[in-house]
Amino acid sequence: MDPATSTSSVAPRIVKVFDYDCPICEHLTAFDGNIIMGLKERPHFSAVELGQILNNPQEKPDYARYAYWLERYACNDDYTLDLPVYLILRGKDYLGHINGEITPSELRKGLEEKLNGTDIQGSGL
């Protein structure tokens, strides 16, 4: 494979999926952006409200992928989500996610492990 087209050369993205009524999401907002912007790989960071993904009124392909990954990897057995969910992506590749209530150090460590490919579990924290 040509290194120029390898997904490993594509800048990573972290997408935070949140809900406006989620106190944990609000709490993590105080520090998550600073942690993400301070990572070695300097990923692109965006946040999307869960309702936008579920309803996807403009039929955005990215939102359809987010919905798929959330359902496949982040849903609990009872079909609920522990918000927020940080989807870690490289190009169109899913690298993993981190979700629920976590400390700043847990967030930093989990993101670094997933971005570096050293996360043993592959998803979740």
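**Salt bridges, cores and ring pairs in a predicted model**

Visitor: How many salt bridges does a search of the whole structure find?
Guide: This is a predicted model, in which local features need a pLDDT (the predictor's confidence in each residue, from 0 to 100) of at least 70 and side-chain atom pairs count only at pLDDT 80 or more, while totals for chains, interfaces and linings use all residues. Residues are numbered from 1 along each chain as its sequence is written, and side-chain values use heavy atoms, with hydrogens and water left out. A salt bridge is counted where a side-chain nitrogen of Lys or Arg lies within 4 Å of a carboxyl oxygen of Asp or Glu. Searched in this way, the whole structure has a number of salt bridges that comes to five.

Visitor: What is the mean pLDDT of the chain?
Guide: A value of 70 or more is reached by 88% of the residues, and the mean over the chain is 89. Residues 1-5 have a pLDDT below 50, and beyond near neighbours in sequence this stretch has three contacts (heavy atoms within 4.5 Å) in the model. For the chain, then, the mean pLDDT is 89.

Visitor: Which strand holds Arg13, the salt-bridge partner of Asp62?
Guide: The side chains of Asp62 and Arg13 meet in a salt bridge, at 4.0 Å from N to O. Helices and strands here are DSSP runs numbered from the N terminus (H or I of at least four residues for helices, E of at least two for strands). Asp62 belongs to helix α4 and the two residues are 49 apart in sequence, so their pairing ties a part of that helix to strand β1.

Visitor: Is Arg90, the partner of Glu41, buried or exposed?
Guide: The closest N and O atoms of Glu41 and Arg90 are 3.1 Å apart in their salt bridge. Glu41 lies in the loop between α2 (32-37) and β2 (44-49) and Arg90 in strand β3, so this pair, too, ties together parts that are 49 residues apart in sequence. Residues count as buried under 20% relative accessible area, as exposed over 50% and as partly exposed in between (1.4 Å probe, protein chains only). Glu41 is partly exposed at 30%, whereas Arg90, because its relative accessible area is 8%, counts as buried.

Visitor: Which helix supplies the most residues to the largest nonpolar core?
Guide: A nonpolar core is a set of buried Ala, Val, Leu, Ile, Met, Phe, Trp, Tyr and Cys residues joined through side-chain atoms within 4.5 Å, and the largest one here has 18 residues, with Val17, Tyr66, Leu70 and Leu87 having the most contacts inside it. At least two residues each come from β1 (12-18), α3 (50-55), α4 (61-74) and β3 (85-90). Leaving aside neighbours within four places in sequence, Leu70 is in contact with residues including Val17, Leu50, Ile53 and Leu87. The greatest contribution, five residues, is that of α4.

Visitor: Why is the ring pair of Tyr73 and Tyr94 described as it is?
Guide: Rings of Phe, Tyr and Trp (its six-membered ring) pair if their centres lie within 6.5 Å, and planes under 30 degrees apart count as stacked, over 60 as edge-to-face and the rest as tilted. Phe18 and Tyr20, with 5.2 Å from centre to centre and 90° between the planes, form an edge-to-face pair. Tyr73 lies in helix α4 and Tyr94 in strand β4 (residues 93-99), so their pair ties together parts 21 residues apart in sequence. Because the centres of Tyr73 and Tyr94 are 4.2 Å apart and the planes stand at 5°, the pair is stacked.

Visitor: Which residue does a cis peptide bond join to Leu83?
Guide: Most residues other than glycine have a negative phi, and most peptide bonds are trans. The bond that follows Leu83 is cis, with omega about -5°, and its partner lies in the loop between α4 and β3. The residue joined to Leu83 by this bond is Pro84.

Visitor: What is the phi of Asn56?
Guide: Asn56 is found in the loop between α3 and α4, and with a relative accessible area of 14% it is buried. Although Asn56 is not a glycine, its phi is positive, at about 40°.
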